[in-house]
Each structure stands twice: as C-alpha cells, then as structure tokens.
Amino acid sequence: MGKLFGTNGVRGVANRDMNPELALKLGQSLGTFLPEGARVLIATDTRTSNEMLASALAAGLLSAGARVTLAGVATTPALQYAVKTRGFDAGAVVTASHNPPEFNGIKFIDGDGTEFPATKEDAVEKVYFDNAFRQVAWSALSGVGRLEGVNEAYVDGILAKVDVAAIRARKFKIVLDTSNGAGGLTAPYLLTKLGCHVVTMNAQPDGTFPGHDSEPTPDNVKDLVKSVAAFGADLGVVQDGDADRCVFVDEKGHYQYGDRTLAIIAGQIVRAKRGGTVVTPVSSSTAIEDYVKANGGKVVYTRVGAPVVARKMIEIKADFGGEENGGLIFPEFQYCRDASMALAKVLEIIAKTSKPLSALAAEVPAYALHKAKVTCPDAKKAAVLAAFAKAHAAGKVDTTDGVKVYTSEGWVLVRPSGTEPIVRVYAEAKTAEAASALAEKSLKEIQALVNA
Ligand code: MG
C-alpha cells in the first residue's frame, strides 16, 4: 500500500501529481470513511489550482453521500475554527501551506477542529487504495451549500480570548506580511480591531506569490525586516501561505526564530498561571525547557508533528504547545497551529509586561543547532538506531521519536527520514562550535554503524 499522507496531508505539484483525479478519489475516500450524510466544510488558500481541486474533492464527497459546504478562501485555522464551532463532521483544506506556488495539497480536519490523526488518515488511505467507494443512489445526492464569514467569525473568536483593552491602549504599529496567502483575509482586520496601525506587505491574495515564497525563512522576509526599521514599528510579523504558522521580527529589526518565540510565549503563559505544562516535539531547543522551568512550568516532549503535539495537549490538558517552526497552539482557543492567535497573544504579552519583543527574547537562553545527515539504506535504519541507543544506554536517552542522547555539551537527536534513504542528525549545544563538534562525533558513530 502506498503512502498518500505526509506530515501535513497530501501534497504535490498541481495538475501533475496533485491532479483532479487524485482530489476526486480523496473526496470519495473521505466521504466513504465518514458516515453517509456527514457534513464536510471545504476551504482553500489562494493558489491558482484551488478551484480545480476543491471542485473535484467536493464531487467525490457528494458521490459518497456527504453533504458539502464551501467556505471559499480561508486560513487553515479559520476553517478549523468553523468546523469546530459550526458543528461540521469534518473539514478539508486545499493548501500546500508554505510550499512554492506550483504545489498544492489537501489536508483533512476532524470534527473537533484538529488535524486528522494518523489512524484516520490510514483508514481513508485504505478506502483509496482498495477503491472501496460508497456510491449513493441518485436520490441520495445533495447539493453544495455555502458558508460566508468564516474568516470574520474566526477574528471575533480570537478577540474573545485576549485582553483587547490592554492591547488597544498601546496603539502598536505593526508591519504585517501575509505572503500573498489567505492570511490577508484575517490578520489585517484582527490588528485593526486591536487598535494597531497596520502596514501591510503582500496582503493581496495572489496564487503566483509575487512577493516571495511563502515559507517564512530569513531569506524570504528581508523586505519585512527592512520595513520594521524604516517604519519604526513595534513589531513585524510574517505568516505562511495558509496562516497557521508565523515568525516575528522584533522592534530592532531582528528576525526571531520560531523556537525563541515559542519559548517566550511558553514562559510568559506559565509565569502568569504560576505553573503549567508546555508540549513540544523532542526536536525543539532546550531553550524552551530552560525558560519554562525558570518561570515555574514544565515541558512534555512528543514525537515530531503538529497533530501529535495537539493531541498530547488535549490528553494532558496542557497550557500551551507548539513547534520550533512557528506553529503555536493555544488550547484556550483551539487545538491547532494558529498564526493570528499567536500574533494577538504576542501583542498581549508585550502590552502586559511592558517589554518590547527584543527584551523578551533576550531573557531566553541561547543555543546553537547543527543539522547533518548520513546516507543509510531503509532496511538498515531500525538496526542503526537501536545500536546507537544501546551504545549510549549508560547516559540519558529519549526514544520518543528516533534516538535523543543527552551529553554534557547538549543533545544529539538521530531520526530516520520517512521518505529518503538517510538518517538525520541534529545536535544542539551552547555554542555553534560545540554543536558542530557534537554532530561530527555522532556522524562518525552512525557511519560506522551503517557500514557494520
Ligand atoms: Mg502552513
């Protein structure tokens, strides 16, 4: 059986891998997996291939007896909020998130607004590869409904979860880059309602992504960094194409990596609550755990992947969670990555602590991460990882996802790639030199195990 779903749904180049036939069959598969008559809400980001794929997906769902409602262009978290609050049985987002414009994808959402868990993806995939589609009688087919105002309801939902008065009182000046994605339909209006003076960049929805590629890397957001300084703004923020992830630029014009923002928010949340639990994958920086502990909370680690983090948060009633890539999850609002909620929360923290983002970031300990990889045949991966864990068994070893070995300098995480014949090595330490030395040492050990 093939594997359709990656870590974030099904992805591919539009009209090549990600074509109408695939979208149709995915719709039939989801519709068959769900009970007959299930209500499914579909939204898209701003890509040129969206209508083609959403139409095919809807046709497949209808064929299997689902009732389909279209929400038009909406951010992924806005769609997730609508699925949860409007009583839909499931949702589907047509988006390739931060991928280049020629890509597209389809991601399924559970009735509670969370991303589909792997177990449900596997069940849908089984229907897909078995071609075991339910085809309802002509008399059981339904039409397509439309839901207006998904983005507006989402913005109102965020406003109900932050201290609007405290934020409005600060009259923030913000430079906002929505990467020509769906975030242009939510974030500017959220900021306006929060009393901010908003300077927008790439805010017009445009599936050719004329501003820059929609992954919020330092290279892609050079214009934003310059603009924060030029406008004397309090903050810069960039959202990815479907606005579930965001990255901040502080008032001094420094790009703040996602792990630092995650640490800042986590620390401030547990400080305000006088304790609490933060969930993040084992690949996240120790800076998060250091800062959370210093503020009276604790960190729980999971396997890599936002749905895994979200489900662990639900299970242990965590106070906050997220990934180092800028995907932040606020349980008081919803159990999914949410760029606009993150933006509102950062403004609330700056307003309430009276500290600019650069000062908050300076409180978080600095670490250096070194990434490397070793070629390793798929068949050997499990044995290599087991041997690496065994070789370090005398010390602290975490096998939550791959093998994470703690050393006196920091840690090394060894994870097999799910798609390529390689093993990835991440090493973190206090300095770049120490991290690189740690990675080199581990690379040699792993290479020896691969050769053995
Ligand atoms: Mg995204």
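This is a short dialogue on reading a predicted model, feature by feature.

Me: Where do I start? Which domains is the protein divided into?

Reply: Start with the broad division. Here there are three parts: domain 1 covers 10-147, domain 2 covers 154-362 and domain 3 covers 368-451.

Me: How do I read the relation between domain 1 and domain 2? What separates their centres?

Reply: Take the centres over C-alpha atoms; for domain 1 and domain 2 they lie 28 Å apart. Then look at who takes part in the contact. Domain 1 gives 26 residues to it, and domain 2 gives 32 residues.

Me: Could I state the size of such an interface in another way?

Reply: Interface size is often given as the accessible area lost when the parts come together.

Me: Now a helix. How many residues does α1 have, and what does it reach from its first C-alpha to its last?

Reply: Compare the reach with the rise per residue. Helix α1 (residues 20-33) has 14 residues and reaches 20 Å, close to the 20 Å expected at 1.5 Å a residue.

Me: Which residues of α1 are buried?

Reply: Buried means under 20% relative accessible area. In α1 the buried residues are Leu22, Ala23, Leu26, Gly27, Gln28, Ser29, Leu30, Gly31 and Thr32. Their cover includes the strands β1 (10-13), β2 (39-44) and β5 (103-110), along with the helices α2 (50-63) and α4 (118-130).

Me: And α15? What should its 20 residues span?

Reply: Use the 1.5 Å rule again. The 20 residues of α15 (residues 432-451) should span 28 Å, and the end C-alpha atoms are 28 Å apart, so the two agree.

Me: Which residues of α15 are buried, and where do they fall when seen down the axis?

Reply: The buried ones are Ala435, Leu438, Ala439, Ser442, Leu443, Ile446 and Val450. Seen down the axis of α15, they fall within an arc of 140°, so they line one face of the helix. Glu433, Lys441, Lys444 and Asn451 are exposed on the other side.

Me: What do the buried residues of α15 pack against?

Reply: Three strands and a helix are listed: β17 (368-375), β20 (410-416), β21 (422-429) and α14 (378-391).

Me: On to strands. Is β12 mostly covered or mostly open?

Reply: Count the buried residues. In β12 (residues 277-281), five of five are buried, so by the cut-off of under 20% relative accessible area the strand is mostly covered. Then sort them by direction. Thr277, Val279 and Pro281 point one way, Val278 and Thr280 the other, and all are buried.

Me: Which strands does β12 pair with, and in which sense?

Reply: One partner is β13 (residues 298-302), in the parallel sense over five bridges. There, Thr277 has Lys298 as its bridge partner. The chain gets from β12 to β13 through helix α10 (residues 286-294), and this β-α-β crossover is right-handed. Another partner is β14 (residues 320-322), again in the parallel sense, over two bridges. Val279 stands opposite Gly321 in β14.

Me: How do I read a whole sheet? What is the order of the open sheet of five strands?

Reply: Write the strands in order across the sheet, then note the ends. The order is β8-β7-β9-β10-β11, with mixed pairing. The edge strands are β8 and β11 (255-256), and each pairs on one side only. Strand β10 (residues 246-249) and β11 run antiparallel, joined by two bridges. Val249 has Tyr255 as its bridge partner in β11.

Me: Which residues does Pro218 touch, beyond those up to four places away in sequence?

Reply: Pro218 touches Tyr255 and Tyr257. Sequence distance alone would not show this. Pro218 and Tyr255 are 37 residues apart in sequence, with 6.8 Å between their C-alpha atoms. Pro218 is in the loop between β8 (197-201) and α8 (222-231). With 33% relative accessibility, it counts as partly exposed.

Me: Last, backbone angles. What is phi of Asn180, and what is phi of Arg274?

Reply: Phi of Asn180 is near 60°, a positive value in a residue other than glycine. Phi of Arg274 is near 55°, also positive and also in a residue other than glycine.

Me: Where do they lie, and is each buried or exposed?

Reply: Asn180 lies in the loop between β7 (173-177) and α7 (187-193). It is buried, at 0% relative accessible area. Arg274 is in the loop between α9 (258-272) and β12. Arg274 is exposed, at 80%.

Note on methods
Residues numbered from 1 in each chain as written. Predicted model: local features only at pLDDT ≥ 70, side-chain atom pairs only at ≥ 80, totals over all residues. Heavy atoms only, no water. Buried < 20%, exposed > 50% of the residue type's maximum accessible area, 1.4 Å probe, protein only. Helix = DSSP H or I, 4+ residues; strand = E, 2+ residues; numbered from the N terminus. Pairing = 2+ DSSP bridges. Right-handed = clockwise from strand over helix to strand, strands pointing away. Expected span 1.5 Å × (residues − 1). Arc of directions from axis to C-beta. Contact = heavy atoms within 4.5 Å. Domains from an automatic or database assignment.
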